[in-house]
Structures are given as structure tokens and as C-alpha cells.
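Okay, thanks for coming, everyone. Let me put the structure up on the screen, and then I'll walk you through it.

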Amino acid sequence: MMVLNSSPSQGNFFSLPNDIFELGLSASAFLVYCYLRRCADRETHQCYPSYETIGEAVGLCKNTIARCVCELLDAGLVRTENTSVITKSGSKRNGNLLYTIQPVQDVLEAHYQTELRKLEAKTAFAIHNATIGRQA
């Protein structure tokens, strides 16, 4: 397991399973995921940084952050919920997304099951083609 640790005595670190690299995330999405894990509350696994805040932290523009969040959603690594805020004037506005980091082991298990199904389908197709080839 990879551990990033800037101050062990204060617990200012987070860890990632090595298998995270099996998911085929883009480098940008991986960076955004790492930042969200860093921000997330350790009990609720939730955080709500803005695209701007994430972009400033990882050196990416808002459009790239939005694309990366979609990639993380597609991979099942995060869930998002819309939030709202009440301004001083009393009007309701959209807030930042609330990110919930999903258990990595669950995401990896689902990924491995998908890959296994693809392999089984490919194998069945190859066997079918080989059978047809013998019949011709």
C-alpha cells in the first residue's frame, strides 16, 4: 500500500491501495482523486471542495476538473450530491458538490468482476468461432 505522509506524529497522511492503478485512471483523474481523499473526513469519507479549489491544489483548470470528476464517477470511486447555500440576502444558490469517497476494495472488486465477464465473453466467442471453423 502506498502511503503519503508529511507528518506521521500528527496523522497528516492518507493511503492508497496499490491496486488503484489497475483501474486505468488518467493521470489527471488520479490526481483529483488523491486530492479528494486528502480532503475527505476520515469518518464520513465526504468533502466538498469547489472545482476552483481542486484546480488550484492540483494545477488543473475547471473544465479538466469536471472531466476528471466524471471519470471518477464512471469508475465508481466517488459519488456526488448537489448542495445548496443560502446567501446573506436570503436567496438559495447552488453550492459545491458533496463528494463521498467509495470504498476502494468494493470498486476494485466490481472492476475485476467486469474484466472477468469481458474475458469470459471473449473466450466464448473464440470457442464459438473455432467450432464453426471446424464445421466448414
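Let me start with a question: how are α2 and α3 oriented relative to each other, roughly parallel or roughly perpendicular? Keep in mind that what you're looking at is a predicted model. So, the axes of α2 and helix α3, which covers residues 62-75, come within 9 Å and cross at roughly 100°. Anything from 65 to 115 degrees counts as roughly perpendicular, and therefore α2 and α3 are roughly perpendicular to each other. On the α2 side, the contact uses Tyr-51, Glu-52, Ile-54, Gly-55 and Val-58, and on the α3 side it uses Lys-62, Ile-65, Ala-66 and Val-69. If you sort the residues of that α2 and α3 contact by class, you get 6 nonpolar, 1 polar and 2 charged.

Now let's look at α2 with α1. Helix α1 is residues 27-39, and helix α2 is residues 51-58. The axes of these two come within 10 Å, with a crossing angle of roughly 110°. That angle is in the 65 to 115 window too, so α1 and α2 are roughly perpendicular to each other. Who's touching whom? Leu-31, Val-32, Tyr-35 and Leu-36 from α1 meet Thr-53, Ile-54, Ala-57 and Val-58 from α2. By class, the contact of α1 with α2 has 7 nonpolar residues, 1 polar and no charged. Ile-54 and Val-58 of α2 are worth a click, by the way: they're listed in the contact with α1, and they turn up in the contact with α3 as well.

On to the sheet. Here 3 strands make an open sheet, ordered β3-β7-β4, with antiparallel pairing. The edges are β3, at 46-47, and β4, at 78-81, and each of those pairs on one side only. Strand β7, residues 98-101, pairs with β3 over 2 bridges, and β4 pairs with β7 over 4 bridges. For specific partners, Cys-47 sits opposite Tyr-99 in β7, while Glu-81 has Leu-98 of β7 as its bridge partner.

What about the two faces of β7: buried or exposed? In general, side chains in a regular strand alternate between the two faces of the sheet. In β7, Leu-98 and Thr-100 are on one side, Tyr-99 and Ile-101 are on the other, and all of them are buried, so to speak, with both faces covered. As for what lies across this sheet, helix α1 lies across β3, β4 and β7, and runs at about 95° to β7.

One more local spot, over in strand β5, residues 84-86, where you'll find Val-85. Val-85 has 39% relative accessibility, and because buried means under 20% and exposed means over 50%, Val-85 counts as partly exposed. Leaving out residues up to four places away in sequence, Val-85 touches Ser-91, Lys-92, Arg-93, Asn-94 and Gly-95. Take Gly-95: it is 10 residues from Val-85 in sequence, and their C-alpha atoms are 5.5 Å apart.

Okay, zooming out to the whole chain. There are 4 helices and 7 strands, and along the sequence they go β-β-α-β-α-α-β-β-β-β-α. Of the 136 residues, 28% are buried. The accessible surface is about 9,200 Å², and carbon and sulfur atoms own 53% of that. And for the contact-map people: among contacts with a separation of 6 or more, 49% are between residues 24 or more positions apart.

That's my tour, so over to you.

Technical notes. Residues numbered from 1 in each chain as written. Predicted model: local features only at pLDDT ≥ 70, side-chain atom pairs only at ≥ 80, totals over all residues. Heavy atoms only, no water. Pairing = 2+ DSSP bridges. Contact = heavy atoms within 4.5 Å. Axes fitted to C-alpha atoms, helices over the stretch in contact; angles between N-to-C directions. Parallel < 35°, antiparallel > 145°, perpendicular 65-115°, else oblique. Nonpolar A, V, L, I, M, F, W, Y, C, P; charged D, E, K, R; others polar. Buried < 20%, exposed > 50% of the residue type's maximum accessible area, 1.4 Å probe, protein only. Areas by Shrake-Rupley, 256 points an atom, 1.4 Å probe, with all protein chains shown as cover.
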